[in-house]
Amino acid sequence: MVTKREVVEKRKKLVSLAKKKVSFNKGDKRAYSPKLCVVCGRPLSSLIINENKYIIIQAHTRYHINELFIVDACADITSCYRTLKQKGELEEDVDVKQYQASGKET
Ligand SMILES: [Zn+2]
């Protein structure tokens with residue numbers, strides 16, 4: 001489980017560590033491999049089977065931490081929140097948690 005604050009911190013760390021950043025927009029075909037957001041795990045590229053190429057399906061930023069370590073993350077933090085929430089991995093704020101504890105969780 002991660003909290004929203006941890007998501008913010010992770011993303012801040014990426015920005016502060018990155019030596020270079022490259023933005024990718026949805027529909028971009030400059031992808032050559034499957035990509036996942038390092039923060040939330042959301043798929044960022046998808047294989048076009050007929051063309052044997054990848055297409056960007058989610059706007060994201062590529063962070064070049066160093067020459068060996070390059071990671072991708074959603075351009076929009078709300079995308080990370082949404083994905084983590086869908087996977088049931090996002091811990092909401094304390095108030096929300098108390099509310100859930102008193103109610104029924106699926
Ligand atoms: Zn993400």
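## Exercises on hairpin, sheet, helices and core

Strands β3 (residues 45-48) and β4 (residues 53-56) run antiparallel and are joined by 4 bridges. Strands here are DSSP runs of E with at least two residues, helices are runs of H or I with at least four, and both are numbered from the N terminus. Two strands pair if DSSP finds at least two bridges between them. One thing up front: this is a predicted model, where local features need pLDDT of at least 70 and side-chain atom pairs count only at pLDDT 80 or more, while totals for chains, interfaces and linings use all residues. Residue numbers start from 1 along each chain as its sequence is written.

**Exercise 1.** Trace the hairpin of β3 and β4, then place K29 relative to it.

Solution.
- Start with the register: S45 has I56 of β4 as its bridge partner.
- Now the turn: 4 residues sit between the strands, and N52 takes a positive phi near 55 degrees.
- Next, find K29 in the loop between β2 and β3.
- Leaving out neighbours within four places in sequence, K29 is in contact (C-beta atoms, placed from the backbone, within 7 Å) with K53 and I55.
- The C-alpha atoms of K29 and S45 are 9.0 Å apart, with their positions 16 residues apart along the chain.
- Finally, K29 counts as partly exposed because it has 13 C-beta neighbours inside 10 Å. The cut-offs: 20 or more other C-beta atoms within 10 Å is buried, 12 or fewer is exposed, and in between is partly exposed, with C-beta atoms placed from the backbone.

**Exercise 2.** Work out the strand order of the open sheet of 3 strands, and say which strands stand at the edges.

Solution.
- The order is β2-β5-β6, with antiparallel pairing.
- β2 (20-24) and β6 each have a single partner strand, so each is an edge with one side lacking a neighbour in the sheet.
- From one strand to the next, the twist averages 25 degrees.
- Zoom in on one pair: 5 bridges link β2 to β5 (residues 60-64) in the antiparallel sense, and F24 has H60 of β5 as its bridge partner.

**Exercise 3.** Describe how α1 and α2 pack.

Solution.
- Take the geometry: helix α1 (residues 4-17) and α2 meet at about 135 degrees, with axes 11 Å apart. Axes are lines fitted to C-alpha atoms, for helices over the stretch in contact, and angles run from 0 to 180 degrees between N-to-C directions.
- The two helices, α1 and α2, are therefore oblique: under 35 degrees would be roughly parallel, over 145 roughly antiparallel, 65 to 115 roughly perpendicular, and the rest is oblique.
- For the contact, α1 supplies K4, V7 and R11, while α2 supplies I77, C80, Y81 and L84.

**Exercise 4.** List the largest nonpolar core and look up the surroundings of C40 and Y63.

Solution.
- The core has 9 residues: C37, V39, C40, L44, Y63, A73, C74, C80 and L84. (A nonpolar core is a set of buried Ala, Val, Leu, Ile, Met, Phe, Trp, Tyr and Cys residues joined through C-beta atoms within 7 Å.)
- The elements giving two or more residues to this core are β6 (70-74) and α2 (77-86).
- C40 lies in the loop between β2 and β3, and is buried because 24 other C-beta atoms lie within 10 Å.
- Beyond four places in sequence, C40 is in contact with C74, C80, T83 and L84.
- With that cut-off too, Y63 is in contact with L14, A18, K21, I70, V71 and A73.

Note on methods. Two residues are in contact if their C-beta atoms, placed from the backbone, lie within 7 Å.
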